[in-house]
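The following paragraphs offer a guided reading of a protein model for those meeting it for the first time. Please keep the sequence and the structure in view while reading.

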Amino acid sequence: MNIETTRMRLLRRQSDCWERIEKNLHSLNHGSLIALDNDFPCGFSRQEAIETGTCAVAAIMDRLSRAGMFFNEGDPGHGRGHLIRDYVEAVWLFSALDARPADILIGLVAGALHDIGCFLIPRYAEEKRSVRHAEASALILEEVFSECNCGLTRSEQMMIEYAICAHTHYLKPAEIKFGNGRKRFIAPYLDTRLNGEPYWWVWYTRWVDRLDTNGPSFAARHYLTIGKPHLDFDGEDHFAVGYAQHMRPLLRSREERGNDPQTMLEHLAMFAATDENSPYGKHDRREFITLRDGQRNRSKRIVEAVENAGMTRIPEADVLCAWNDFLSFQIEHPEIAVPVVKQLFEQFSNLPPDVRHAWTAGFLAIMDEYLDWYRVGQKDFGHLPHAWFNLPHFGDALAFIQPHGLWLDIVRP
Ligand SMILES: [Fe+2]
Ligand SMILES: [Fe+2]
């Protein structure tokens, strides 16, 4: 495997790539999925599932690194920071979740690596690509598995690839326009048996992702992506993200905003609303709800801080200084984040004073809520074996998420 060859294939040979996805994964029917589900060794404990999963993630990352992947490029909202937090959230969730070990193993590996394709292809080109970032991630793993089983059976590998393809959770067929005006419809991946029972391993993968698409880290990593105009997804359609428009401190319902694109506040509020009454959260249960609600409440407090912005407890210039440091060294690897943060700072300076004031309060709230997230996590995963958090080529995942640096000294109450 050579990463540059894989990258070129994903960028230039989409039809071939899509055919591989269609043949090996997208075409799997209920019979095939249930056969995979049943092909799991019995007598596996939850602890063994987590250990097998953490070893598999380590083996995959090691293999990718040897193939030339440096994990220091790609979209700043889906880079190292997201991967490391997803990994920690996965271990955190599955060490608490009372679930079938098979589902835990798949959810952990697929949950940690679901966005790995974003290191090779642009994240926000979904509307024009048949092999979107989810499928690209699955194909990268398919290539890894063709050389190394990473301690997994072929059925487990296929379930991981399938769960990764399904993680984006589109609710309706996506229409892709490509070539000379041709169209292709991609139906959503199957995620529920005919009797209504979920394929839990597919949902667990999404659950892991959802823990970083809510709360302070999501607000921060989303902010890192908005400097460049692009298309994002508002749950029904793709919408244009332009920095100044997106930063307007508006919180409207879908009806109220009509054709006007979603703002950052509305985007945060949308993710915060994925509870058990939404199509994305309809299977949420028990231990996940506790973690999800923690993140949801943090998102809500961030939104409220922007809406009701008063005087910040520290001078606004200090908040911005801490915020730049937080984005550059806490949320993402500096190699990915620093140039982006520089550009965002200039864009922020050009916003109207009332917008800057509202969002300065929001930035401070995001950093405060990060401290809250970390403090709660410490209680929950502080006692787990430290070896579970060691990622080859990334180092100690717990050291990465630990609040550190200039921002902490400025913000610490
Ligand atoms: Fe994703
Ligand atoms: Fe993700």
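A convenient place to begin is Asp16, a residue of helix 2, which covers residues 14–26. This is a predicted model, and each statement below should be read with that in mind. Is Asp16 buried or exposed? Asp16 counts as exposed because its C-beta has 11 C-beta neighbours inside 10 Å, and a residue is classed as exposed when that number is 12 or fewer. Asp16 also illustrates how the fold brings distant parts of the sequence together: Val131 is 115 residues away along the chain, yet the two C-alpha atoms are 9.7 Å apart in space.

The overall plan comes next. The chain is divided into domain 1, made up of 3–179 + 196–202, and domain 2, which comprises 215–411. Between the C-alpha centres of domain 1 and domain 2 the distance is 24 Å. Where the two meet, 31 residues of domain 1 are in contact with 36 residues of domain 2. On the domain 1 side, helix 4 (46–66) and helix 5 (80–96) each supply at least two of the touching residues. Which helix gives the most to this side? Helix 5 does, with twelve residues. By character, the residues on the side of domain 1 that touches domain 2 comprise 16 nonpolar, nine polar and six charged.

The interior may be considered next. In soluble globular proteins, nonpolar side chains tend to be buried together. In this model, the largest nonpolar core contains 78 residues, and Tyr87, Leu93, Val109 and Ala163 have the most contacts inside it. Both domains take part in this core, as domain 1 and domain 2 each provide at least three residues. Apart from this core lies another, of 41 residues, which includes Ala219, Tyr223, Val303 and Ile366. Leu93 deserves a closer look: leaving aside residues up to four places away in sequence, Leu93 touches Trp207, Val208 and Leu211, together with Glu287, Phe288 and Leu291.

A final detail concerns a hairpin. Strand 3 (residues 230–233) and strand 4 (residues 238–241) run antiparallel and are joined by four bridges. What is the bridge partner of Asp232 in strand 4? The partner is Phe239. Four residues lie between the strands of this hairpin, where Gly235 adopts a positive phi near 100 degrees.

Conventions. Residues are numbered from 1 along each chain as its sequence is written. Chains are lettered from A and ligands numbered from 1 in the order in which they are written. This is a predicted model: local features need pLDDT of at least 70, side-chain atom pairs count only at pLDDT 80 or more; totals for chains, interfaces and linings use all residues. Two strands pair if DSSP finds at least two bridges between them. A residue is buried if 20 or more other C-beta atoms lie within 10 Å of its own, exposed if 12 or fewer, and partly exposed in between; C-beta atoms are placed from the backbone. A nonpolar core is a set of buried Ala, Val, Leu, Ile, Met, Phe, Trp, Tyr and Cys residues joined through C-beta atoms within 7 Å. Domain bounds come from an automatic or database domain assignment. Two residues are in contact if their C-beta atoms, placed from the backbone, lie within 7 Å. Ala, Val, Leu, Ile, Met, Phe, Trp, Tyr, Cys and Pro count as nonpolar, Asp, Glu, Lys and Arg as charged, and the others, Gly among them, as polar.
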